[in-house]
Amino acid sequence: MTDPTGDRTPLERAVVIGASAGGVQALSSILAALPAHYPHPILIVLHVPQRSDSLLVELMRPKCGMIVKEAEDKEMLRQGTVYFAPPGYHLLMEQTMTVALSTDEPVNFSRPAIDVLFETAADALGPDVTGVILTGANHDGAQGLCAIGAAGGTAIVQDPSEAEMPTMPRAALEACPSARSLRIDAIVQALLREAA
Amino acid sequence: MANSTDDHEIQLLLEDLFQHYHYDFRLYARASIKRRLLQARVQLGFGSIAEIRSAVLRDATLLPRLLDFLTVQVSEMFRDPSYFRALREQVIPHLRTYPSLKVWVAGCSNGEELYSLAILFHEEGLARKTMFYATDINPTALKAAQAAVYPLDRVRQFTENHQQSGARSSLSDYYTADYGRAVFDRSLGSQIVFSDHSLVTDAAFGEMHLISCRNVLIYFDRDLQDRAIGLFRESLARRGFLGLGSKESLRFSAHADAFGAFVGKEKIYQRIGA
């Protein structure tokens, strides 16, 4: 199936990443290692204080080859692009390969919540999504990763022994036993293999 | 796949809600509706979306409970204080020049935003010449908005937001604390008209000077967003103002030309042209 406009191939996969305490460092290492033409969109929820203006995009942009932006309501996902959830909003993936924002109540005391992104991504893409849980000091993302695993997607967790905060990776591994536990460099390799 | 069964049942349920009860959620952003309906299924004790469907057709008393899942928004008073500061410092000076004012809070839910504006207008000395129109599709939410009672533990955040909005008074001047609840002053409500109104299916209101509708459009798909923005366009007086949520914009709207960015960063627009 080709895009009727002919100017780009339709998206078939997406990568979703969730991170909390210690996440900036871990995310930087991963994003810096991916090429500008990485073929899948990457959607990220990183827990930040709800009232902060998002400096993440500014922080990450110079380190990445891919385009880095804050996700905008109803925008169409594109390859080679990293989308961050804006502070104070949940980020949801629609079946139409667009994203939506919501101000629904916090989930796991978080808004954005990793579970919301991951569960909607599992719903939208079934087996064609890769979920990655990185360092963090809470349990957000465990249910979402579980949903990705159950839908036949690829579930990856940062090795808790390497994570700055092992709580979140451990909770994810417990909820989703089929998830692979990998160190950051192996996560990068896994993501690159999916691009091949 | 279990998911696609749910999707199909959700589509049928939304059709039923429209055909039988005239509530139209068919063009709402689907991922969020689905999450809310799946929560409703669990919390209302149903085995499937299909069971909700047949129950709500048999028993109209289930409808308000379902609407609470589909529509209710928990907000804060003075959420995004910089928005209210911009209204206070940049929009209010224009509004002062009118002999009387009409303000529409579209999708008022439980009323947090409505009372934020009512208090702000009171502080700026405009309350007596202003009529507020507060609308929502959910009758339970409208009742809650009318009651103006909020849990006291939320008021600390409200107070902090209010101060950051450039407050000229103390929020505690406007409520009395009572058994863990903050009961807001009845006099705030004296110039508010509450009414059942749908941005999806109902018509425009006349000659508004300010419309505040924040974090409502993100729940709509692009076509429905455009319908609502068209309603706002028709409802605004010449040079009237429209305030949207911090992640909402008119950029993709067919009506974009009818508005100018007034305080771009705060998503405050002004009606221009014909």
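In this predicted model, chain B holds an open sheet of 3 strands in the order 3-5-4, with antiparallel pairing. Strand 3 (149-151) and strand 4 (175-178) of chain B stand at the edges, each with a single partner strand, so one side of each has no neighbour in the sheet. Neighbouring strands of this sheet are turned by 25° against each other on average, direction ignored. Strand 4 of chain B is joined to strand 5 (residues 181-184) of chain B by 4 bridges, and the two run antiparallel. Within strand 5 of chain B, R181(B) stands opposite D178(B). A helix covers these strands. Helix 8 (residues 152-164) of chain B lies across strand 3, strand 4 and strand 5 of chain B. Its direction is at about 95° to strand 3 of chain B.

Next, the domains of chain B. The domain assignment gives domain 1 (2-71) and domain 2 (81-271). Their centres, taken over C-alpha atoms, are separated by 29 Å. The contact takes 11 residues from domain 1 of chain B and 12 residues from domain 2 of chain B. On the domain 1 side, helix 4 (residues 62-71) of chain B gives the most, with 4 residues. That side of domain 1 divides into 6 nonpolar, 3 polar and 2 charged residues.

Chain B also meets chain A. Here 15 residues of chain B are in contact with 17 residues of chain A. Helix 2 (residues 30-43) of chain B supplies the largest share of the chain B side, 4 residues. The chain B side divides into 6 nonpolar, 4 polar and 5 charged residues.

Chain A has its own sheet. It is an open sheet of 7 strands in the order 3-4-2-1-7-8-9, with parallel pairing. Strand 3 and strand 9 (180-182) of chain A stand at the edges; each has a single partner strand, so one side of each is left without a neighbour in the sheet. Neighbouring strands are turned by 20° against each other on average, direction ignored. Three strand pairs of chain A are listed below, each with a facing residue pair.

| Strand pair (chain A) | Bridges | Direction | Opposite residues |
|---|---|---|---|
| Strand 1 (residues 14-19) and strand 2 | 5 bridges | parallel | V16(A) and L43(A) |
| Strand 2 (residues 42-46) and strand 4 (residues 81-84) | 3 bridges | parallel | I42(A) and V82(A) |
| Strand 3 (residues 67-70) and strand 4 | 4 bridges | parallel | I67(A) and T81(A) |

Helices pack on this sheet too. Helix 4 (residues 142-150) of chain A touches strand 7 (129-133) and strand 8 (154-158) of chain A. The direction of helix 4 of chain A makes about 150° with that of strand 7 of chain A. Helix 6 of chain A lies across strand 1, strand 7, strand 8 and strand 9 of chain A, running at about 160° to strand 8 of chain A.

Helix 6 (residues 184-195) of chain A also packs with helix 1 (residues 23-32) of chain A, at an angle of about 40° and with the axes 9 Å apart. That angle makes helix 1 of chain A oblique to helix 6 of chain A. The crossing is right-handed. Helix 1 of chain A contributes A26(A), S29(A) and I30(A) to the contact. Helix 6 of chain A contributes I184(A), I187(A) and V188(A). By class, this contact has 5 nonpolar, 1 polar and no charged residues.

Notes. Residues numbered from 1 in each chain as written. Chains lettered and ligands numbered in written order. Predicted model: local features only at pLDDT ≥ 70, side-chain atom pairs only at ≥ 80, totals over all residues. Pairing = 2+ DSSP bridges. Axes fitted to C-alpha atoms, helices over the stretch in contact; angles between N-to-C directions. Parallel < 35°, antiparallel > 145°, perpendicular 65-115°, else oblique. Left-handed = near helix turned anticlockwise from the far one by under 90°. Contact = placed C-beta atoms within 7 Å. Nonpolar A, V, L, I, M, F, W, Y, C, P; charged D, E, K, R; others polar. Domains from an automatic or database assignment.
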